[in-house]
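Q: Could you walk me through this structure and show how each label is earned?
A: Gladly; here it is, and then we can take the labels one by one.

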Amino acid sequence: MKKFKIIESTVAYIARKNIDTDAIIPKQYLKAVKRDGFGENLFDDWRYLEPGNLGDDHSKRKKTQISF
C-alpha cells in the first residue's frame, strides 16, 4: 500500500453512540472477495425497509425515512 498524506472526502455526522460494525456493513454483504464496492451496502438495515442480499438491485428496494 502506498503512503498517503491528504484525504479528500465527504463527512456525514451520525447522531448515534456506539455504532456496531454490523450496522455499518451487514453480514450478508461480507461474502464478497474484493475489498471495494461496499459503499452501496453501507448502513443497509437503516436505509431500507426489507433485508437485502449481495447482488440485489438496490434501486428497486423501499427506502426508510431515517430521523435522528
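Q: What makes Asp44, Asp45, Gly52, Asn53 and Leu54 contacts of Gln28?
A: Contact means heavy atoms within 4.5 Å, and Gln28 touches these five residues when those up to four places away in sequence are not counted. This is a predicted model, in which local features need pLDDT of at least 70 and side-chain atom pairs count only at pLDDT 80 or more, while totals for chains, interfaces and linings use all residues. Residues are numbered from 1 along each chain as its sequence is written, and side-chain values use heavy atoms, with hydrogens and water left out.

Q: What does the side chain of Gln28 reach?
A: The side chain of Gln28 reaches the backbone oxygen of Gly52 at 3.0 Å. A polar contact is a pair of N or O atoms within 3.5 Å; within protein, one must be able to donate a hydrogen and the other to accept it, and residues adjacent in sequence count only if both atoms are side-chain atoms.

Q: Why is Gln28 called buried or exposed?
A: Buried means under 20% relative accessible area, exposed over 50%, and partly exposed in between (1.4 Å probe, protein chains only). Gln28 has 13% relative accessibility, so Gln28 counts as buried. Its place is the loop between H1 and H2.

Q: How do you know how many helices and strands there are?
A: Helices (H or I, at least four residues) and strands (E, at least two) are DSSP runs, numbered from the N terminus. By that rule the protein chain has 2 helices and 0 strands.

Q: Why is the chain called more spread out than a compact globule?
A: The radius of gyration, taken over C-alpha atoms, is set against a globule rule of 2.2 Å times the number of residues to the power 0.38. For 68 residues the rule gives 11 Å, and the protein chain comes out at 14 Å, well over that, so the label follows. The C-alpha atoms fill a box of roughly 40 × 30 × 20 Å along the principal axes. Buried residues make up 19% of the 68 residues.

Q: Why is Phe43 called buried or exposed?
A: With a relative accessibility of 17%, Phe43 counts as buried. Phe43 also lies in the loop between H1 and H2.

Q: What is the phi of Phe43?
A: Phe43 has a positive phi of about 50 degrees, although it is not a glycine. Most residues other than glycine have a negative phi.

Q: What about Asn18: which phi does this residue have?
A: Asn18 has a positive phi of about 55 degrees and is not a glycine either. Asn18 sits in the segment before helix H1 (21–24), and its 77% relative accessibility makes it exposed.

Q: Why is His58 called buried or exposed?
A: His58 has a relative accessible area of 11%, so His58 is buried. His58 is placed in the segment after H2.

Q: What does His58 touch, and which side chain is joined to it by a polar contact?
A: Leaving aside neighbours within four places in sequence, His58 is in contact with Tyr29, Glu40, Asn41, Asp44 and Tyr48. A polar contact of 2.9 Å joins the side chains of His58 and Arg61.

Q: Why is Leu49 called buried or exposed?
A: Leu49 has 53% relative accessibility, so Leu49 counts as exposed. Leu49 is in the segment after helix H2 (44–47).

Q: Which residues does Leu49 touch?
A: Not counting residues up to four places away in sequence, Leu49 touches Lys62, Lys63 and Thr64. The C-alpha atoms of Leu49 and Thr64, 15 residues apart along the chain, are separated by 5.5 Å.

Q: What makes Gln65 buried or exposed?
A: Gln65 has 74% relative accessibility, and therefore counts as exposed. Gln65 is found in the segment after H2. Its C-alpha atom is separated by 29 Å from that of Arg35, 30 residues apart along the chain.
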